[in-house]
Amino acid sequence: MATNYFTLSEDVAEGFWCLGHPLDLQGRELDDPWQFTGGEPAHFKDPIRLPLDLEGESRDYSHAAFGTPVVNAKLAALFQELAPTEVELIPVEVDSRAGPYFILNALRTIPCVDTEASEEVHSWTEEDEIPEKVGTLRSIYGMRIDPSKVGDAKVFRPSEWEVSLIVSEEIKDAMERAGITGAKFEAVTGPPTFDPVRRAETKRRGELWDQARHARRAVWRGLGTMSDDFYIPPVVGGPWPGERQWWTAMRRADGGMLIVTDGLSDPFNDILDRPTAGFGLELAIETPEPLGEVWKSWPVHLLERVAYEVAEFEKLRVSLANGTLSMEVDGVGMPETLVTPEGRVAVLIGMETDSLPSRFTLPGGEVRLLTVKVLMPAELKWLLHQGKGAAAELIRRFKAAGETHLSRSWRQPVVS
């Protein structure tokens with residue numbers, strides 16, 4: 001009888017620690033952090049340190065950045081006993097914690113994903129303009145594998161979708177008997193659980209979503225150079241129209257970086273009979289400053305917070321339809337020069353510029369591209385004291401000072 005298999009993932013919960021990007025002992029980030037999730041022996045053999053991005057209670061099983069599995073000595077011993085030739089246990093130091101801890105690296109990949117039995121599957125297409133990925137999986141939900149292709153493996157990664165770590169029922173049962181904390185299991189064998197009608201709706205939803213994504217990508221290509229080096233991890237869920245939060249970054253011709261929301265104009269999930277353009281807007285923040293790793297940069301975090309507020313509150317979108325809008329968001333992690341005494345950061349949304357299109361068209365309708373310009377604390381204080389018409393006057397002063405829509409972590413305020 002075929003063995004049952006399960007994905008092993010981190011059970012995220014409030015109050016527990018959050019492990020960061022793997023570092024060498026000199027504190028430098030490893031160049032290839034994905035090497036621990038590729039289903040083959042890791043090539044980095046020197047000592048590794050894991051910073052604590054968020055203090056909290058430790059668990060037997062955790063994920064560091066990039067989905068890297070981390071286990072304590074108790075769980076390491078279990079894998080060593082049940083699957084000694086299928087895993088690599090790489091010692092790591094966790095900041096301020098005694099340990100020992102290990103990266104759990106599965107050493108096998110097996111082609112076994114059953115796309116027909118899986119609930120929702122999306123593949124890369126030629127329109128994505130990444131030739132080496134065409135035909136491979138871009139996303140998968142409700143995954144099912146064919147256990148007849150797995151043999152006697154107990155720990156492995158599907159070669160079609162290496163981000164998933166799969167364990168046998170024997171491993172799962174042993175972990176549950178041992179009272180292992182932090183682990184979550186989801187079946188990838190057994191009869192499909194999806195409803196055929198729902199699957200057809202999901203397929204149609206994916207088609208509409210892809211139409212919008214490809215049309216937006218054509219717009220983004222005209223604004224700058226995109227690269228895998230600028231990748232920003234998406235977030236599933238939230239108040240965006242398609243319940244998926246995406247961002248895209250591109251290098252401008254002058255060397256600056258433009259970051260845009262890439263989904264506020266996605267079709268609404270509950271409208272399947274025609275294309276729609278979601279909220280009919282996308283947001284853009286542009287900076288001339290060097291950013292290092294784009295996805296960790298302050299403009300990305302600022303855009304994420306602004307976009308969440310715009311997506312969550314209809315009154316903000318109504319205000320934006322009538323012109324520019326100033327607003328404040330949480331200043332945690334932002335450059336100190338931008339943070340007010342109250343711990344907030346202010347932005348001005350909708351300042352026009354000749355260097356970006358103000359509108360573009362998708363299959364579902366017209367979309368406005370609204371700039372997000374970060375304000376200095378003195379400018380926010382001035383705005384709050386001036387009242388009605390202050391935003392228009394601030395824009396006039398920006399133009400008089402040669403200021404544009406660009407955002408900087410520091411500059412001279414245009415008000416006194």
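**Three loop residues in a predicted model**

At 46% relative accessibility, Glu-243 counts as partly exposed. The structure is a predicted model, and this briefing considers three of its residues: Glu-243, which lies in a loop, Phe-66, which is also placed in a loop, and Thr-115, which is found in a loop as well.

**Backbone angles**

- Glu-243 has a positive phi of about 60 degrees, although Glu-243 is not a glycine.
- Phe-66 is likewise a residue other than glycine with a positive phi, here near 65 degrees.

**Position in the chain**

- The loop that holds Glu-243 runs between strand 16 (235-236) and strand 17 (244-245).
- Phe-66 sits in the loop between strand 6 (61-64) and strand 7 (68-72).
- The loop of Thr-115 joins strand 10 (109-110) and strand 11 (120-123).

**Accessibility**

- Partly exposed denotes the range between buried, under 20% relative accessible area, and exposed, over 50%.
- Phe-66 has a relative accessibility of 21%, and therefore counts as partly exposed.
- Thr-115 is assigned to the partly exposed class because its relative accessibility is 35%.

**Surroundings of Thr-115**

- Which residues does Thr-115 touch, not counting residues up to four places away in sequence? They are Val-121, Leu-137 and Arg-199.
- Between Thr-115 and Pro-267 there are 24 Å in space, C-alpha to C-alpha, and the two are 152 residues apart in sequence.

Technical notes
Residues are numbered from 1 along each chain as its sequence is written. This is a predicted model: local features need pLDDT of at least 70, side-chain atom pairs count only at pLDDT 80 or more; totals for chains, interfaces and linings use all residues. Side-chain values use heavy atoms; hydrogens and water are left out. Helices (H or I, at least four residues) and strands (E, at least two) are DSSP runs, numbered from the N terminus. Buried means under 20% relative accessible area, exposed over 50%, partly exposed in between (1.4 Å probe, protein chains only). Contact means heavy atoms within 4.5 Å.
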